[in-house]
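User: I would like to learn how to read a fold from its helices, their packing and its backbone angles. Please take me through one case.

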Amino acid sequence: MSEGERARLMEEVEEKKKLIANIRNKPWRMKRRLKHLKEAQLFVDKFEGALGKGKGRKLYAYKVMMMKVLMGLPYGSIPRKTVPREEQDTAMDYSVLTDFNEKKRNWCRTYTLHKCSSNFKTFFTLTHHGYCKYSVLFYGYYNNQRTIGFLKFRLPLSYLMVGIGTFGYSLMVVIRTMAKNADVGGGDGEDSEFTFAWKMFTSWDYLIGNAETADNKYASITTSFKESIVDEQENQKDENIHLRRFLRVLANFLITCTLGGSGYLIYFVVKRSQEFANRDDLGWYEKNELEIIMSLLGLVGPMLFETIAELEEYHPRIALKWQLGRIFALFLGNLYTFLLALFDEVNAKLEEEKDIKNASIWFMKEYFANFTANNPNETGTPPPIEPADVIRGPCWETTVGIEFVKLTISDIQVTYLTILIGDFLRALIVRFLNYCWCWDLEAGWPSYGEFDISGNVLGLVFNQGMIWMGSFYAPGLVGINVLRLLTSMYYQCWAVMACNVPHERVFKASKSNNFYMGLLLLILFLSLLPVVYTIMSLPPSFDCGPFSGKERMFDVIIETIELDLPSFLGTLFSYAANPGLIIPAILLMVLAIYYLNSVSEAYKNANNELKKKMQMARDEEKNRRNNKDSTNQVMKDLEDLLPNRSNLPPPEEKKGQKPKVKPGAAGNAVNLQKDVSLASVNPNARGPVTQAPGPRAPGPGNSRGRGQGPPPRH
Amino acid sequence: MGSKHTTFRDDQLDEYQDCTFFTSKEILRLHGRFRDLAPNIVPMDYTNNPDITLPSSVITAMPELKENPFRHSIVEAFSEDGKGNLSFNDFVDMFSVLSEMAPLDLKIIYAFKIYDFNRDGFLCEKDVEETVHRLTGEELRPEERRLVSQRVMEEADLDGDWKLSLIDFENMISKAPDFIR
């Protein structure tokens with residue numbers, strides 16, 4: 001055999017081998033594949049032997065099998081091994097809920113840092129005069145010794161640092177998540193090219209085997225189509241603008257009234273609770289009235305907002321954003337009124353403290369006097385006063401902590417009761433009374449409860465805000481919340497499966513969950529404010545808590561710097577704290593923000609330009625293939641100006657080579673042009689289509705093929 | 001291992017392994033499923049490649065396909081005679097393409113064929129309307145369905161002939177983020 005023949009044969013053998021390797025990727029019928037496979041294998045066996053390779057198919061099969069084993073194919077496929085796209089947007093915002101699991105873990109860590117062993121039994125019986133007040137759940141438990149224990153653990157310092165550190169850590173986590181979401185989701189891109197087409201061809205889930213799931217899927221697809229149709233029609237609708245505007249103004253006015261009303265109600269209840277504090281014969285309701293009212297407002301408010309919002313007739317996505325914004329405002333208003341009322345109380349307690357300070361000094365003196373009077377012969381110091389007898393100051397921090405814990409507990413209670421009554425009982429009634437009722441309970445009112453995703457997510461966000469605020473004064477609150485999250489997860493999971501139907505409007509407030517993250521960030525910031533304010537400006541109680549006896553809470557840090565750290569660090573810090581240094585630093589940061597902002601705007605503009613270019617290129621292709629004139633006026637003018645018409649692109653056939661239209665096709669696994677045998681009805685009747693369909697002869701009188709404009713001017 | 005040998009010869013199993021994305025174990029399991037659909041018709045012994053086909057009504061009753069609105073079209077797309085009668089070869093082929101190991105472009109070709117209800121090689125407006133109809137049942141009004149199919153045509157049709165060819169379809173689908181079946 002000559003060299004050339006040998007080389008050619010080897011090439012053919014290689015080709016056949018490649019065919020064998022890729023035969024499963026070809027869109028052929030099984031019979032055809034089997035036939036070609038056999039042919040190829042015979043060819044390879046015959047000629048590989050002739051070419052002296054000897055081992056032939058066995059080695060090849062061995063190589064293929066090794067590859068399969070290495071890639072794990074028999075025991076798992078590549079798609080199964082790659083990490084699923086966790087940020088895959090689904091119609092339901094469940095992914096947001098998983099972010100909170102991380103938060104849970106975060107809190108667990110800080111909780112154990114306090115080395116607490118909480119008394120869980122008693123927190124359900126919280127009252128002003130209960131035992132819990134003195135447990136480790138609250139601020140007042142901690143002593144103000146500078147270091148405790150054998151390892152000289154600096155309790156006060158650690159308390160402060162952990163308190164502030166959790167805020168800092170939470171800030172970092174939230175912002176990092178937001179940045180990641182913005183990166184992946186590409187922002188709130190609603191301008192997609194193929195909305196309808198994708199909805200049509202990719203919305204069905206081919207793994208569905210359950211009839212009920214299929215029904216749900218049909219419903220959600222229908223809703224999704226309806227929403228897009230509404231979108232389309234909104235652009236073509238024009239209505240009575242003035243009526244709409246008037247209605248919107250009216251709705252906003254009503255809502256502002258509601259917000260104001262709720263704020264006033266809370267203020268009123270707080271004043272009442274201050275009066276109650278002076279009485280002793282309080283029932284359960286009076287003691288917890290404030291918290292119950294707040295939770296109920298949080299329940300009733302959103303429903304009210306939704307009914308009023310019917311007046312406004314916004315697009316559902318926009319309406320959802322408005323709704324969430326209003327609920328947010330409601331919560332904020334309530335919380336801040338609550339805080340203001342609390343501050344009143346704190347100030348009152350601070351006043352009281354002064355009196356008690358004097359009183360306790362007198363008490364001590366009297367105790368000593370009594371002791372020496374009763375035991376005149378003893379010298380030395382008298383035994384310490386029984387702890388239970390010591391007059392205590394009104395520990396305002398613990399009061400604040402107690403209020404937050406009560407708020408959380410009543411929130412839990414209201415939530416659970418709502419689910420029980422609003423969802424479970426309702427489902428029971430609808431299911432069983434339906435048989436003996438005049439109208440169809442399931443289809444009309446009341447029907448089953450819907451699982452309101454946005455409402456639930458907001459509830460979680462607010463809960464987290466309360467925890468952030470309260471955990472500095474009641475460290476055990478974190479533990480309580482973790483328990484609450486755990487139980488509530490299982491409880492709500494059961495409730496959803498048993499009593500709820502999917503929400504009718506299946507769309508999200510924001511594509512990438514950044515909306516909720518933004519809310520979370522805002523709440524974090526707002527909860528940070530009161531805590532930092534109290535740390536910086538309110539004096540701690542004189543006899544309770546880790547900072548007792550100091551002027552301000554952050555004196556602990558100063559003390560540590562002075563006593564524990566080497567002296568040059570102290571001077572360094574004192575320089576750093578100079579306003580002359582801090583103000584330029586702030587200015588610098590402001591400038592950096594401005595700069596980064598302008599850079600990102602520039603990028604956005606560049607992006608838009610590129611998109612426009614791509615769109616133009618696509619339109620041009622379309623027009624050229626249709627043999628129409630360019631629709632772009634600029635291009636048309638340019639064409640008219642061109643003196644020489646032979647500058648136009650060469651003629652193309654209709655379905656011919658289009659490599660540039662397939663930017664996303666993977667490799668050359670499938671050769672589209674040649675093997676479109678599936679398009680035919682009876683593929684066994686003909687062989688593979690290897691030539692482009694249709695005659696190539698140019699049309700009559702058109703000697704230069706397609707893709708031309710008007711005939712050249714002379 | 002005794003009973004398995006009598007279903008297929010070793011070289012048959014090898015060939016199937018080369019032609020599909022399945023391993024021999026999975027192929028044998030598929031054969032079991034195929035047989036379960038009609039134990040009286042499908043023989044246990046396939047060593048001499050009997051030419052047995054099962055009608056489409058039997059195949060579409062499988063739990064995996066039962067709820068799929070396109071099940072008839074799927075079965076027809078993989079059948080040799082175009083009427084939905086599947087031999088074992090076609091059966092294996094169908095599941096091989098629908099499995100998660102098949103590459104995207106292969107699935108695109110078959111998806112195109114599945115959605116092409118009138119089998120003319122293009123997705124014309126009627127095909128698209130039929131797809132919408134199957135996905136939404138009677139929930140949408142006829143004019144809404146027509147609006148949807150018109151918008152789809154506008155979005156995806158590149159060469160302006162008011163039909164979607166395979167090229168158009170492929171161009172549109174390969175950019176979709178949800179196209180992972």
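Analyst: Note that this is a predicted model. Start with an inventory: chain B holds eleven helices and two strands. Along the sequence, the elements of chain B run α-α-α-β-α-α-α-β-α-α-α-α-α.

User: How many of the residues of chain B count as buried?

Analyst: A residue counts as buried when its relative accessible area is under 20%. In chain B, 58% of the 181 residues meet that. The accessible surface of chain B is about 7,300 Å², and carbon and sulfur atoms account for 51% of that area. As for contacts in chain B between residues at least 6 apart in sequence, 51% of them link residues at least 24 apart.

User: How are helices α2 and α3 of chain B oriented to each other, parallel or perpendicular?

Analyst: Look at the crossing angle; 65 to 115 degrees counts as roughly perpendicular. The axes of α2 (residues 10-19) and α3 (residues 24-37) of chain B cross at roughly 100 degrees and come within 9 Å, so α2(B) and α3(B) are roughly perpendicular.

User: Which residues of α2(B) and α3(B) meet?

Analyst: From α2(B), L13(B), Y16(B) and Q17(B) meet S24(B), I27(B) and L28(B) of α3(B). By class, this contact has four nonpolar and two polar residues, with no charged ones.

User: Which backbone angle stands out at R119(B)?

Analyst: Check the sign of phi. R119(B) is not a glycine, yet its phi is positive, about 55 degrees. R119(B) sits in the loop between α8 (104-115) and α9 (125-136) of chain B.

User: Is R119(B) buried or exposed?

Analyst: R119(B) has 18% relative accessibility and therefore counts as buried.

Methods
Residues are numbered from 1 along each chain as its sequence is written. Chains are lettered from A and ligands numbered from 1 in the order in which they are written. This is a predicted model: local features need pLDDT of at least 70, side-chain atom pairs count only at pLDDT 80 or more; totals for chains, interfaces and linings use all residues. Side-chain values use heavy atoms; hydrogens and water are left out. Axes are lines fitted to C-alpha atoms, for helices over the stretch in contact, and angles run from 0 to 180 degrees between N-to-C directions. Helices (H or I, at least four residues) and strands (E, at least two) are DSSP runs, numbered from the N terminus. Angles under 35 degrees count as roughly parallel, over 145 as roughly antiparallel, 65 to 115 as roughly perpendicular and the rest as oblique. Contact means heavy atoms within 4.5 Å. Ala, Val, Leu, Ile, Met, Phe, Trp, Tyr, Cys and Pro count as nonpolar, Asp, Glu, Lys and Arg as charged, and the others, Gly among them, as polar. Buried means under 20% relative accessible area, exposed over 50%, partly exposed in between (1.4 Å probe, protein chains only). Accessible areas come from the Shrake-Rupley method with a 1.4 Å probe; for residues, only the protein chains shown count as cover.
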